[in-house]
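Visitor: I am new to this structure and would like a close look at a single part of it. Please take the aromatic rings and the core around them, and go through them step by step.

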Amino acid sequence: HPYPSMPSPLHDALPPAATSKPLPLAHRAVLIALTLGAALLASTNHISGSDVAPDEMAASPARIISATETASPQFRQSWVNPRGHTTAAHSSAICVLPGGDLLSVWYGGTREGAADVAIFTARLRTGSPTWDSPRRVVDRGTAEAELGRSVKKVGNAVIFPDRSGLIWMVYVSVSMGGWSGSALNVKTSRDEGHTWTASERLTLNPFLNVSSLVRNKPILTGDGRIGLPVYHEFAWKFPQMLWLTPGPGGTVLDYRIRNLSTQAGLIQPTLVPLDDDRMLMMLRDGNPERRLQTAYSDDNGWTWSNPQDCGLPNPDSAVDALRLRDGRILLVHNHAASGRENLRLSVSSDDGRTWQPRAMIESTAKKEYSYPYLVEDQQGLIHLTYTWHRERIKHLEFNLAWLNAPATLAESLAQ
């Protein structure tokens, strides 16, 4: 591989792996029973907070089309992390800070799931063409110290501001097994990501508290709650909603987790607020059909319709979507039933029922472009980050004029 590995004293200090032996039949039976019991408990709605649907979403900026959006097409690309920063980089998220800067988060190390993986942030200052150097926020060692428990690895993280301007980071840690043995943890920042509180572990599953993961951005309600889409992977896979109520000093006052679908194999829900308490959900499909699934809510994301095929393929890969100021929905996705060798923009003018293709922003055989994340800044510029070749995080910035250009023009500008 052309890039060096990240130094890893934690990894080097690990003891040699012990020789594994098959479990006796009786032990395996007990383990299977415990696994199924944990999954059954997780599939029920666990209450640890408010059991009331939100009356309304938090007020959004007025949907006014600015001169920035209607001017000549604007398109710019940059790298969030420098070449060779880590051997592997994946699962980025991005948010617009109250002061106008952009902050991105991702994980990087020698490979996904390695003990040396850390969660990094980088800042794009207003008016700057390049990102600041990455900063390590949490790794296996700091997570263990802050949580007071053994941590095997860290993974997906999301980052977002709440209505008060507090910046939240929710990230995955694993104490046993693979990603299905994960838990969610919260860190907050009062200075726009320069410093962070110690990690707080959320107890979302009454049995072992395992198999909660996160990928996409939240919704904010009028009563102050945060609706964070999460998902479960232990024994079987399904989407969930974590309703968080912020407490004093950047803490979590209470929370409730609700299941979003009884259909197995659908994970990583993406939420798009519509109008009049309605909401769209899009779901990654791990089933053999490999079709992007959509569902709708009429009560601000509390209850949902059954997921349906929206007419687009999905190669068991994450997507993201954003409601534009002109009312349309912008989707970024891998347009294939298998593989992550391309990344396409599509738009919908009918709340996600039908889709029209726009620019194919990446397409290279045997390379990976995945895990996109979309936000819109105060000027109406759209920002997209995604995994590039599993080596770097790429950032695109464009306006509505560029998006509305004929697809061939948009694609030529993006190359």
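Guide: The charged end of Lys217 sits over the ring of Tyr373, at 5.2 Å from the ring centre. This is a predicted model, and the distances given here are computed from it. A second placement of this kind involves Lys153, whose charged end lies over the ring of Trp179, 4.4 Å from its centre.

Tyr373 also leads to the core. Among the residues that Ile159 touches, leaving aside those up to four places away in sequence, are Tyr373, Trp196 and Trp168. Ile159 further touches Ala93, Ile94, Cys95, Leu103, Val105, Ile167 and Met169. Ile159 is, with Ile119 and Leu242, one of the residues with the most contacts inside the largest nonpolar core, which has 59 residues. The element that gives the most to this core is strand β8, residues 167-174, with seven residues. Another core, of 20 residues, lies apart from it; Leu324, Leu374, Leu384 and Phe398 are among its members.

Phe398 appears again among the rings, where it forms one aromatic cluster with Phe75 and Trp402. The structure holds six aromatic pairs. For the pair of Trp106 and Phe120, the ring centres are 6.0 Å apart and the planes stand at 25°, which is under the 30 degrees used as the limit, so the pair counts as stacked. Trp106 belongs to strand β4 (residues 102-109) and Phe120 to strand β5 (residues 118-124), so this pair ties together parts that are 14 residues apart in sequence. Both rings belong to buried residues: Trp106 has 0% relative accessibility, and Phe120 has a relative accessible area of 3%. The cut-off for buried is under 20%.

Away from the rings, Pro313 can be described in a similar way. Pro313 is in strand β19 (residues 308-313), and with a relative accessible area of 14% it is buried. Pro313 and Ala336 are 23 residues apart along the chain, yet their C-alpha atoms are separated by 5.4 Å. Ala336 is also one of the residues that Pro313 touches, and the others include Arg290, Leu292, Asn334 and His335.

A last point concerns confidence. The protein chain averages a pLDDT of 86, and 82% of the residues score at least 70. Over residues 1-21 the pLDDT is below 50, although this stretch has 27 contacts in the model beyond near neighbours in sequence. Residues 38-42 also have a pLDDT below 50, with 16 such contacts. Where pLDDT is low, predicted coordinates should not be read in detail.

Technical notes: Residues are numbered from 1 along each chain as its sequence is written. This is a predicted model: local features need pLDDT of at least 70, side-chain atom pairs count only at pLDDT 80 or more; totals for chains, interfaces and linings use all residues. Side-chain values use heavy atoms; hydrogens and water are left out. A nonpolar core is a set of buried Ala, Val, Leu, Ile, Met, Phe, Trp, Tyr and Cys residues joined through side-chain atoms within 4.5 Å. Buried means under 20% relative accessible area, exposed over 50%, partly exposed in between (1.4 Å probe, protein chains only). Helices (H or I, at least four residues) and strands (E, at least two) are DSSP runs, numbered from the N terminus. Contact means heavy atoms within 4.5 Å. Rings of Phe, Tyr and Trp (its six-membered ring) pair if their centres lie within 6.5 Å; planes under 30 degrees apart count as stacked, over 60 as edge-to-face and the rest as tilted. A charge sits over a ring if NZ of Lys or CZ of Arg is within 6 Å of the ring centre and within 35 degrees of the ring normal. pLDDT is the predictor's confidence in each residue, from 0 to 100.
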